[in-house]
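Here is a walk through one protein model, taken a piece at a time. Keep the structure open as you read.

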Amino acid sequence: MGQKITAMFESRTEAEAVQNELRSLGILKDDDDTAANRGHVYDKTHSSYRAGTYSDHNDRGFWSDAGWDDDDDYRMPDEDRHVYEEGVHRGNTLLTVTVDDEMADRAREVIERSNAFDVDAESSSWRSQGWSAPATAAATAGAAGAATGGYYTRDTQASSTRYRSYRRDTGNGPGETSYRASGVANETIGNVKQGIGNLTGNESLRQSGLEQERKGEAQHREGDRRGERGNEF
């Protein structure tokens, strides 16, 4: 199960220094083919940055140009994501690190030694100055899972004042449940049709059942894929 770690810095130089240290230690491997063990830096120079805007489920903002694993960084809770966006609007730099479980503690140790600032304290200060995060998708979207913006949940036990940690719930990928349920239903009905067709000698019914079973198997596979990657809305 992948973990995501976020940290915010006053400058890009500081964020990239941490990113480079993680690379030098072999914790980040940006040439890997998977989302595990990757890092990304966001600031106002990011190609998709737009001043004063916040992401939603129709427009992923600067998260849409992450360049790997279908903008995996977007899949943090809405409230957290909007705080990071506000931090970037205020001239700070966000570092995101996605690592496998074996590397997570080492990555947190490196970030703990860095100059990352306390996002919770800073965001409280922003709110006291009048800033408020935009309404979350919970108020406008009815689709299951849409309110969180993704499938990473903050792990408060593995967070500190310098970083936040998130764990990916691979069992709740978008559309996973419906695809699996449809798959099971079609496989069951298909098997019944085949059984009746065999008993009655109805080749047309048997063939229809076989096709429906195959359709169900494909739906089940799609549900498994969505559960593993969590990358479709």
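**A helix with a covered side**

In α1, four residues are buried: Ala15, Val18, Gln19 and Leu22. Why do they fall on the same side of α1? They cover an arc of only 100 degrees around the axis, which puts them on the same side of the helix. The general rule helps here. An α-helix has 3.6 residues a turn, so residues three or four places apart point the same way. The other side of α1 carries Thr13 and Ser24, which are exposed.

A word on the source: this is a predicted model.

Now look at the helix as a whole. α1 runs over residues 12–24 and has 13 residues. From its first C-alpha to its last it reaches 18 Å, close to the 18 Å expected at 1.5 Å a residue. Just after α1 comes glycine 26, which takes a positive phi of about 80 degrees.

What do the buried residues of α1 pack against? Their partners are three strands and a helix: β1 (3–9), β2 (38–42), β3 (93–99) and α3 (101–112). The strands come next.

**Strands covered on both faces**

Start with β1. Seven of its seven residues are buried, so by the cut-off each has under 20% relative accessible area. In a regular strand the side chains alternate between the two faces of the sheet. In β1, Gln3, Ile5, Ala7 and Phe9 lie on one side. Lys4, Thr6 and Met8 lie on the other. Both faces of β1 are covered, and these residues are all buried.

β3 can be read in the same manner. Seven of its seven residues are buried. Thr93, Leu95, Val97 and Val99 point one way from β3. Leu94, Thr96 and Thr98 point the other way. All of them are buried.

How are the strands joined? β1 and β3 pair in the antiparallel sense, over seven bridges. Two places let you find the pairing on screen. Alanine 7 stands opposite leucine 95 in β3. Methionine 8 has leucine 94 in β3 as its bridge partner.

β1 also pairs with strand β5 (residues 164–168). These two strands run antiparallel, and four bridges join them. Look for threonine 6, which stands opposite arginine 164 in β5.

β3 has a further partner in β2. β2 and β3 pair in the antiparallel sense over five bridges. Here arginine 38 has threonine 98 in β3 as its bridge partner.

**A buried glutamate and a tryptophan pair**

Move to helix α2 (residues 78–89), where glutamate 86 is found. Is glutamate 86 buried or exposed? Its relative accessible area is 7%, so glutamate 86 counts as buried. A polar contact of 2.7 Å joins its side chain to that of arginine 90. Leaving aside neighbours within four places in sequence, glutamate 86 is in contact with Tyr54, Trp126 and Trp131.

Two of those names return in the next feature. The count of aromatic pairs comes to one. Tryptophan 126 and tryptophan 131 form this pair, which is edge-to-face. Their rings lie 6.1 Å apart, centre to centre, with 90 degrees between the planes. Tryptophan 126 is buried, at a relative accessible area of 3%. Tryptophan 131 is buried too, at 11%.

A second glutamate belongs to helix α4 (residues 119–128): glutamate 122. At 34% relative accessibility, glutamate 122 counts as partly exposed. Compare its place in sequence with its place in space. Glutamate 122 and glycine 87 are 35 residues apart in sequence. From C-alpha to C-alpha, they are 8.6 Å apart in space.

**The whole protein**

Step back to the full chain. The secondary structure comes to six helices and five strands. From the N terminus on, the elements run β-α-β-α-β-α-α-β-β-α-α.

How much of the protein counts as buried? The figure is 44% of its 233 residues. Now take the contacts in the protein with a separation of 6 or more. Residues 24 or more positions apart account for 73% of them. The pairing of β1 with β3 and of β1 with β5 can be traced along the strands for a closer look.

Methods: Residues numbered from 1 in each chain as written. Predicted model: local features only at pLDDT ≥ 70, side-chain atom pairs only at ≥ 80, totals over all residues. Heavy atoms only, no water. Expected span 1.5 Å × (residues − 1). Buried < 20%, exposed > 50% of the residue type's maximum accessible area, 1.4 Å probe, protein only. Arc of directions from axis to C-beta. Contact = heavy atoms within 4.5 Å. Phe/Tyr/Trp six-rings, centres within 6.5 Å; stacked < 30°, edge-to-face > 60°. Pairing = 2+ DSSP bridges. Polar contact = N/O pair within 3.5 Å; in protein donor to acceptor, adjacent residues only side chain to side chain.
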